[in-house]
Amino acid sequence: TFSVRLRYTGGESWIGIGVNYNGRVSMTPSYAVIGRVEDDGSTSVQRYWLDTARLEGVIPIEDVNGHLKEASFWQEGGESFLEFTHDLVIEEFGVVQ
């Protein structure tokens, strides 16, 4: 596993980090973990598949194998924070990546 703690000091915003699993120097294709405030004011941390660099290419994926652990997102004092632990080896749809 690996653990991440991100702190954005430029205001209250969503925070995300992505990992390109096939070693390319590119944002796509990759997996990302994004923390954000939902429309109802609650917060969420979710895994996404980044298919393209456009908004329609950011696709939420269900974490059926439990790769994302101990995830939290919060905002306070004009800053935003994202913390999570994630498996290093990812198995999606029966394929180890």
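These legends go with a set of close-up views of a predicted model.

**Figure 1. The whole chain, a predicted model built from strands.**
Welcome to the overview, where the secondary structure comes to nine strands and zero helices. Read from the N terminus on, the elements therefore run β-β-β-β-β-β-β-β-β. The protein has 97 residues, and 33% of them count as buried. About 6,100 Å² is exposed, with carbon and sulfur atoms supplying 52% of that area. If you like contact statistics, take the contacts between residues at least 6 apart in sequence: 43% of these join residues at least 24 apart.

**Figure 2. The four-stranded open sheet.**
In which order do the four strands of this open sheet stand? The order is β2-β3-β4-β5, and the pairing is antiparallel. At the edges stand β2 (15-19) and β5 (58-61); each has a single partner strand, so one side of each is left without a neighbour in the sheet. On average, neighbouring strands here are turned by 30 degrees against each other, direction ignored. As a reminder for following any one strand by eye, side chains in a regular strand alternate between the two faces of the sheet.

**Figure 3. From β2 across to β3.**
This view begins at one edge of the sheet, where β2 and β3 (residues 30-37) run antiparallel and are joined by five bridges. To find your place, look for Gly18, whose bridge partner in β3 is Ala32.

**Figure 4. The β3-β4 hairpin and its turn.**
Here β3 meets β4 (residues 43-50), and eight bridges join these antiparallel strands. A useful landmark is Gly35, which stands opposite Val45 in β4. The two strands form a hairpin with five residues between them. Which residue in the turn has a positive phi? Look for Gly41, with a phi of about 95 degrees.

**Figure 5. From β4 on to β5, and the loop that follows.**
Four bridges pair β4 with β5 in the antiparallel sense. Among the residues to look for is Tyr48, whose bridge partner in β5 is Pro60. Further along the chain, Gly66 sits in the loop between β5 and β6 (68-76). Is Gly66 buried or exposed? Its relative accessibility is 28%, so Gly66 counts as partly exposed. For a sense of how the chain folds back, compare Gly66 with Ile90: they are 24 residues apart in sequence, and their C-alpha atoms are 9.6 Å apart in space.

**Figure 6. An edge-to-face pair across β3 and β4.**
The structure holds three aromatic pairs, and two of them get a view here and in a later figure. Such a pair of rings is described by the distance of the centres and the angle of the planes. Tyr31 and Trp49 form an edge-to-face pair, with 5.0 Å centre to centre and 65 degrees between the planes. Tyr31 belongs to strand β3 and Trp49 to strand β4, so this pair ties together parts that are 18 residues apart in sequence. With a relative accessible area of 11%, Tyr31 is buried.

**Figure 7. The three-stranded open sheet.**
A second open sheet has three strands in the order β1-β7-β6, again with antiparallel pairing. Its edges are β1 (2-8) and β6; because each has a single partner strand, one side of each is left without a neighbour in the sheet. Neighbouring strands in this sheet are turned by 5 degrees against each other on average, direction ignored. Between β6 and β7, which run antiparallel, there are seven bridges.

**Figure 8. A stacked pair on β6 and β7.**
Let us zoom in on Trp74, whose bridge partner in β7 is Phe81. How are the rings of Trp74 and Phe81 arranged? They form a stacked aromatic pair, 5.0 Å centre to centre with 10 degrees between the planes. Trp74 is partly exposed, with a relative accessible area of 25%. Phe81, at 6% relative accessibility, counts as buried because the cut-off is 20%.

**Figure 9. The largest nonpolar core.**
Which residues make up the largest nonpolar core? There are seven: Val4, Ile15, Val33, Leu68, Phe73, Leu82 and Phe84. Both β6 and β7 (79-86) supply at least two residues each to this core. Val4 is a good residue to centre on: leaving aside residues up to four places away in sequence, Val4 touches Leu82, Glu83 and Phe84.

Key
Residues numbered from 1 in each chain as written. Predicted model: local features only at pLDDT ≥ 70, side-chain atom pairs only at ≥ 80, totals over all residues. Heavy atoms only, no water. Pairing = 2+ DSSP bridges. Axes fitted to C-alpha atoms, helices over the stretch in contact; angles between N-to-C directions. Buried < 20%, exposed > 50% of the residue type's maximum accessible area, 1.4 Å probe, protein only. Contact = heavy atoms within 4.5 Å. Areas by Shrake-Rupley, 256 points an atom, 1.4 Å probe, with all protein chains shown as cover. Core = buried A, V, L, I, M, F, W, Y, C linked by side-chain atoms within 4.5 Å. Phe/Tyr/Trp six-rings, centres within 6.5 Å; stacked < 30°, edge-to-face > 60°.
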